[in-house]
Amino acid sequence: MDLKKLNSLTKYPSILTYHQMAERGRLLEVLSEGTGFTEAEDVFIYEKVDGENARLIFFKNSAGEADYIIGSREELLYAKGDRIGNPYGFIAEFLKPLAERLAPVIFAQGDLALTVIYQESYGGKTKAAKNYTHTKTQGYRVFDAFSLEQAELERLLSLPQDKIAEWRDQGRQPFYAETDKRTLIEKWEVEAAPLLTEVKGADVPITLGELYSFLKSFEETRVGMDAHGKSEGIIARTADRKLIRKIRFEDYERTFRN
(Lines give C-alpha, C1' and ligand atoms only; values in the text may rest on other atoms or scores of the structure.)
Protein backbone atom coordinates (compact mmCIF):
# COMPACT_ATOMS: atom_id res chain seq x y z
CA MET A 1 0.00 0.00 0.00
CA ASP A 2 1.30 3.46 -0.93
CA LEU A 3 1.78 5.10 2.47
CA LYS A 4 1.95 8.65 1.09
CA LYS A 5 -1.44 8.20 -0.54
CA LEU A 6 -2.85 6.53 2.57
CA ASN A 7 -1.61 9.43 4.67
CA SER A 8 -3.32 11.96 2.42
CA LEU A 9 -6.54 9.96 2.22
CA THR A 10 -6.87 9.70 6.01
CA LYS A 11 -5.84 13.19 7.17
CA TYR A 12 -8.52 14.92 9.21
CA PRO A 13 -9.97 17.97 7.45
CA SER A 14 -9.73 21.44 8.93
CA ILE A 15 -12.84 22.66 10.74
CA LEU A 16 -13.91 26.25 10.21
CA THR A 17 -14.46 28.62 13.10
CA TYR A 18 -18.10 29.53 13.65
CA HIS A 19 -17.40 33.23 13.08
CA GLN A 20 -14.99 34.35 10.40
CA MET A 21 -11.41 34.98 11.46
CA ALA A 22 -9.80 38.30 10.58
CA GLU A 23 -6.40 39.91 11.21
CA ARG A 24 -4.56 39.31 14.48
CA GLY A 25 -6.82 36.37 15.23
CA ARG A 26 -9.90 38.47 15.86
CA LEU A 27 -13.35 37.22 14.93
CA LEU A 28 -15.77 39.12 12.77
CA GLU A 29 -19.50 39.58 13.33
CA VAL A 30 -20.00 37.36 10.27
CA LEU A 31 -20.47 33.59 10.15
CA SER A 32 -17.90 31.50 8.27
CA GLU A 33 -18.98 31.06 4.66
CA GLY A 34 -22.08 33.06 5.61
CA THR A 35 -23.71 29.84 6.81
CA GLY A 36 -25.20 29.01 10.18
CA PHE A 37 -27.40 26.19 11.41
CA THR A 38 -30.95 26.16 10.11
CA GLU A 39 -33.54 26.84 12.79
CA ALA A 40 -35.21 23.43 12.96
CA GLU A 41 -32.23 21.10 12.61
CA ASP A 42 -30.64 19.26 15.51
CA VAL A 43 -27.22 20.52 16.56
CA PHE A 44 -24.94 18.39 18.73
CA ILE A 45 -22.53 20.25 21.01
CA TYR A 46 -19.34 18.38 21.93
CA GLU A 47 -16.44 19.45 24.09
CA LYS A 48 -13.35 20.30 22.06
CA VAL A 49 -10.51 18.55 23.88
CA ASP A 50 -7.13 20.28 23.79
CA GLY A 51 -4.37 17.83 22.95
CA GLU A 52 -2.78 16.19 19.91
CA ASN A 53 -5.01 15.11 17.03
CA ALA A 54 -4.37 11.44 16.20
CA ARG A 55 -5.53 8.76 13.75
CA LEU A 56 -5.90 5.02 14.09
CA ILE A 57 -5.96 3.53 10.58
CA PHE A 58 -7.17 -0.07 10.34
CA PHE A 59 -6.99 -2.17 7.18
CA LYS A 60 -6.27 -5.66 5.84
CA ASN A 61 -2.69 -6.32 4.83
CA SER A 62 -1.58 -8.25 1.74
CA ALA A 63 -2.00 -11.52 3.66
CA GLY A 64 -5.58 -10.62 4.52
CA GLU A 65 -4.75 -10.06 8.20
CA ALA A 66 -5.78 -7.23 10.52
CA ASP A 67 -3.28 -4.39 10.37
CA TYR A 68 -3.02 -0.84 11.63
CA ILE A 69 -1.09 2.42 11.44
CA ILE A 70 -1.08 5.23 14.01
CA GLY A 71 -0.78 8.79 12.76
CA SER A 72 -0.70 12.36 14.03
CA ARG A 73 -2.65 15.06 12.20
CA GLU A 74 0.03 15.32 9.50
CA GLU A 75 2.28 12.26 9.69
CA LEU A 76 2.17 8.48 9.95
CA LEU A 77 3.98 7.56 13.16
CA TYR A 78 3.86 3.83 13.75
CA ALA A 79 2.82 0.69 11.86
CA LYS A 80 2.19 -2.67 13.50
CA GLY A 81 5.48 -4.55 13.76
CA ASP A 82 7.61 -1.38 13.84
CA ARG A 83 7.42 -0.94 10.06
CA ILE A 84 7.18 2.81 10.65
CA GLY A 85 9.00 4.36 13.57
CA ASN A 86 8.49 8.10 13.86
CA PRO A 87 9.43 9.54 17.28
CA TYR A 88 7.19 12.62 16.96
CA GLY A 89 5.23 13.54 20.10
CA PHE A 90 3.69 11.16 22.60
CA ILE A 91 0.92 9.69 20.49
CA ALA A 92 2.10 6.36 19.10
CA GLU A 93 3.38 4.70 22.25
CA PHE A 94 0.25 5.68 24.16
CA LEU A 95 -2.19 4.50 21.49
CA LYS A 96 -0.52 1.19 20.56
CA PRO A 97 -2.43 -0.86 23.17
CA LEU A 98 -5.72 0.62 21.96
CA ALA A 99 -4.85 -0.13 18.33
CA GLU A 100 -3.87 -3.71 19.20
CA ARG A 101 -7.20 -4.25 20.96
CA LEU A 102 -9.32 -2.70 18.23
CA ALA A 103 -7.66 -4.26 15.16
CA PRO A 104 -9.35 -7.68 15.44
CA VAL A 105 -12.68 -6.11 16.38
CA ILE A 106 -12.71 -3.88 13.31
CA PHE A 107 -11.27 -6.65 11.16
CA ALA A 108 -14.39 -8.68 12.01
CA GLN A 109 -16.40 -6.17 9.96
CA GLY A 110 -15.51 -8.16 6.86
CA ASP A 111 -17.16 -5.87 4.29
CA LEU A 112 -14.91 -2.93 5.21
CA ALA A 113 -11.40 -2.52 3.82
CA LEU A 114 -10.41 0.60 5.78
CA THR A 115 -11.62 2.22 8.99
CA VAL A 116 -10.10 5.41 10.40
CA ILE A 117 -10.81 6.50 13.97
CA TYR A 118 -9.94 10.04 15.00
CA GLN A 119 -9.22 11.05 18.56
CA GLU A 120 -7.55 13.68 20.65
CA SER A 121 -4.67 12.41 22.77
CA TYR A 122 -4.52 14.76 25.77
CA GLY A 123 -2.97 15.23 29.18
CA GLY A 124 0.50 13.74 29.61
CA LYS A 125 3.06 16.25 28.35
CA THR A 126 0.76 18.11 25.96
CA LYS A 127 0.56 21.89 26.09
CA ALA A 128 -2.78 22.16 27.89
CA ALA A 129 -2.28 19.14 30.17
CA LYS A 130 -2.73 21.21 33.36
CA ASN A 131 -6.42 21.56 32.59
CA TYR A 132 -6.87 17.79 32.74
CA THR A 133 -4.22 16.35 35.04
CA HIS A 134 -1.83 17.24 37.86
CA THR A 135 0.09 13.98 37.47
CA LYS A 136 0.76 13.93 33.68
CA THR A 137 -1.86 11.23 33.18
CA GLN A 138 -2.63 10.73 29.50
CA GLY A 139 -6.01 10.04 27.92
CA TYR A 140 -7.77 10.03 24.57
CA ARG A 141 -11.23 10.89 23.27
CA VAL A 142 -12.69 9.68 19.97
CA PHE A 143 -14.60 12.29 17.98
CA ASP A 144 -14.99 11.00 14.39
CA ALA A 145 -14.61 7.95 12.17
CA PHE A 146 -15.14 6.78 8.61
CA SER A 147 -14.86 3.53 6.66
CA LEU A 148 -14.37 2.49 3.05
CA GLU A 149 -15.23 -0.70 1.22
CA GLN A 150 -12.57 -2.45 -0.85
CA ALA A 151 -13.62 -1.16 -4.28
CA GLU A 152 -13.67 2.46 -3.15
CA LEU A 153 -10.34 2.16 -1.36
CA GLU A 154 -8.72 0.67 -4.46
CA ARG A 155 -10.22 3.40 -6.64
CA LEU A 156 -8.88 6.15 -4.41
CA LEU A 157 -5.40 4.66 -4.09
CA SER A 158 -5.21 4.39 -7.88
CA LEU A 159 -5.53 8.18 -8.16
CA PRO A 160 -2.59 10.60 -8.19
CA GLN A 161 -1.84 11.98 -4.74
CA ASP A 162 -3.06 15.48 -5.61
CA LYS A 163 -6.45 14.04 -6.65
CA ILE A 164 -6.72 12.21 -3.33
CA ALA A 165 -6.03 15.48 -1.51
CA GLU A 166 -8.65 17.19 -3.67
CA TRP A 167 -11.18 14.46 -2.77
CA ARG A 168 -10.43 14.98 0.92
CA ASP A 169 -10.52 18.78 0.76
CA GLN A 170 -13.91 18.65 -0.95
CA GLY A 171 -15.32 16.93 2.13
CA ARG A 172 -15.69 13.53 0.44
CA GLN A 173 -14.48 11.39 3.35
CA PRO A 174 -17.61 9.39 4.32
CA PHE A 175 -17.73 10.17 8.03
CA TYR A 176 -20.29 8.27 10.08
CA ALA A 177 -23.43 10.21 10.89
CA GLU A 178 -24.21 10.92 14.53
CA THR A 179 -26.30 7.83 15.31
CA ASP A 180 -23.97 5.40 13.55
CA LYS A 181 -20.92 6.95 15.18
CA ARG A 182 -22.37 6.52 18.66
CA THR A 183 -23.30 2.92 17.92
CA LEU A 184 -19.75 2.13 16.81
CA ILE A 185 -18.18 3.91 19.79
CA GLU A 186 -20.27 1.70 22.09
CA LYS A 187 -19.38 -1.41 20.10
CA TRP A 188 -15.68 -0.58 20.13
CA GLU A 189 -15.83 0.33 23.83
CA VAL A 190 -13.72 3.45 23.39
CA GLU A 191 -13.69 6.76 25.24
CA ALA A 192 -15.64 9.42 23.34
CA ALA A 193 -15.50 13.20 23.30
CA PRO A 194 -18.30 14.26 25.63
CA LEU A 195 -21.63 15.26 24.15
CA LEU A 196 -22.51 18.35 26.20
CA THR A 197 -25.99 19.09 24.92
CA GLU A 198 -28.32 18.83 21.93
CA VAL A 199 -30.08 21.98 20.73
CA LYS A 200 -31.99 23.23 17.73
CA GLY A 201 -30.21 25.42 15.21
CA ALA A 202 -32.38 28.33 16.33
CA ASP A 203 -30.80 28.07 19.79
CA VAL A 204 -27.23 28.58 18.56
CA PRO A 205 -26.62 32.35 18.84
CA ILE A 206 -25.51 34.34 15.82
CA THR A 207 -23.82 37.42 17.32
CA LEU A 208 -20.33 37.34 18.82
CA GLY A 209 -21.50 38.48 22.25
CA GLU A 210 -24.39 36.06 22.53
CA LEU A 211 -22.32 33.16 21.22
CA TYR A 212 -19.58 33.93 23.76
CA SER A 213 -22.15 33.84 26.55
CA PHE A 214 -23.44 30.52 25.21
CA LEU A 215 -19.89 29.17 25.14
CA LYS A 216 -19.24 30.14 28.77
CA SER A 217 -21.80 27.61 29.97
CA PHE A 218 -19.33 24.90 28.87
CA GLU A 219 -16.24 26.43 30.45
CA GLU A 220 -15.17 23.55 32.71
CA THR A 221 -13.81 20.45 31.03
CA ARG A 222 -15.79 17.23 31.34
CA VAL A 223 -12.80 15.02 30.60
CA GLY A 224 -10.50 15.93 33.47
CA MET A 225 -8.60 12.96 34.86
CA ASP A 226 -7.23 14.31 38.15
CA ALA A 227 -7.77 18.01 37.41
CA HIS A 228 -10.80 19.88 36.12
CA GLY A 229 -9.67 23.09 34.47
CA LYS A 230 -10.90 25.02 31.48
CA SER A 231 -12.07 23.37 28.29
CA GLU A 232 -10.71 24.50 24.94
CA GLY A 233 -14.20 25.16 23.66
CA ILE A 234 -16.87 23.27 21.77
CA ILE A 235 -17.59 21.64 18.42
CA ALA A 236 -21.08 22.20 17.02
CA ARG A 237 -22.23 19.76 14.35
CA THR A 238 -25.36 18.55 12.60
CA ALA A 239 -26.48 14.93 12.77
CA ASP A 240 -25.17 14.24 9.27
CA ARG A 241 -21.99 16.29 9.86
CA LYS A 242 -22.74 18.44 6.81
CA LEU A 243 -22.10 21.52 8.94
CA ILE A 244 -19.45 21.39 11.64
CA ARG A 245 -17.82 24.38 13.37
CA LYS A 246 -15.25 24.91 16.12
CA ILE A 247 -15.87 27.51 18.81
CA ARG A 248 -12.81 28.15 21.01
CA PHE A 249 -12.52 30.28 24.12
CA GLU A 250 -9.21 31.79 23.06
CA ASP A 251 -10.68 33.21 19.85
CA TYR A 252 -13.54 35.01 21.60
CA GLU A 253 -11.38 36.15 24.50
CA ARG A 254 -8.85 37.61 22.07
CA THR A 255 -11.60 39.34 20.11
CA PHE A 256 -13.17 41.01 23.12
CA ARG A 257 -9.81 41.88 24.67
CA ASN A 258 -8.64 43.93 21.65
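What follows is a conversation between a visitor and a guide about this structure.

Visitor: What kind of model is this, and how are its residues numbered?
Guide: This is a predicted model, in which local features need pLDDT of at least 70, side-chain atom pairs count only at pLDDT 80 or more, and totals for chains, interfaces and linings use all residues. Residues are numbered from 1 along each chain as its sequence is written, and side-chain values use heavy atoms, with hydrogens and water left out.

Visitor: Why is helix 6 called oblique to helix 7?
Guide: Helices here are DSSP runs of H or I with at least four residues, strands are runs of E with at least two, and both are numbered from the N terminus. The axes of helix 6 (residues 208–216) and helix 7 (residues 249–257) come within 11 Å and cross at roughly 135°. Axes are lines fitted to C-alpha atoms, for helices over the stretch in contact, and angles run from 0 to 180 degrees between N-to-C directions. Under 35 degrees counts as roughly parallel, over 145 as roughly antiparallel, 65 to 115 as roughly perpendicular, and the rest as oblique. The crossing angle therefore makes helix 6 oblique to helix 7.

Visitor: Which residues make the contact between these two helices?
Guide: With contact meaning heavy atoms within 4.5 Å, helix 6 contributes Leu208, Gly209, Leu211, Tyr212, Leu215 and Lys216, while helix 7 contributes Phe249, Tyr252, Glu253, Thr255 and Phe256.

Visitor: What makes helix 1 largely enclosed by the rest of the structure?
Guide: Buried means under 20% relative accessible area, exposed over 50%, and partly exposed in between (1.4 Å probe, protein chains only). In helix 1 (residues 3–10), six of the eight residues are buried, so helix 1 is largely enclosed. The buried ones are Lys5, Leu6, Asn7, Ser8, Leu9 and Thr10.

Visitor: Is Tyr18 buried or exposed, and how do you know?
Guide: Tyr18 has a relative accessible area of 1%, so Tyr18 counts as buried. Tyr18 sits in the loop between helix 1 and strand 1 (19–21). Not counting residues up to four places away in sequence, Tyr18 touches several residues, including Leu31, Ser32, Leu211 and Tyr252.

Visitor: What makes Ser14 buried or exposed?
Guide: Ser14 is also in the loop between helix 1 and strand 1. Ser14 has a relative accessible area of 73%, so Ser14 is exposed.

Visitor: How do you know whether Ser32 is buried or exposed?
Guide: The relative accessibility of Ser32 is 5%, so Ser32 counts as buried. Ser32 lies in the loop between strand 2 (27–31) and strand 3 (42–48). Leaving aside neighbours within four places in sequence, Ser32 is in contact with Leu16, Thr17, Tyr18, His19, Gln20 and Arg245.

Visitor: Why is Thr126 called buried?
Guide: Thr126 has 10% relative accessibility, so Thr126 counts as buried. Thr126 is in the loop between strand 8 (114–123) and strand 9 (138–148).

Visitor: What is notable about the phi of Arg24?
Guide: Most residues other than glycine have a negative phi. Arg24 has a positive phi of about 60° although it is not a glycine. Arg24 belongs to the loop between strand 1 and strand 2, and Arg24 is exposed, with a relative accessible area of 65%.

Visitor: What is the phi of Arg241, and is Arg241 buried or exposed?
Guide: Phi of Arg241 is near 65°, a positive value in a residue other than glycine. Arg241 is found in the loop between strand 11 (233–238) and strand 12 (244–248). With a relative accessible area of 13%, Arg241 is buried.
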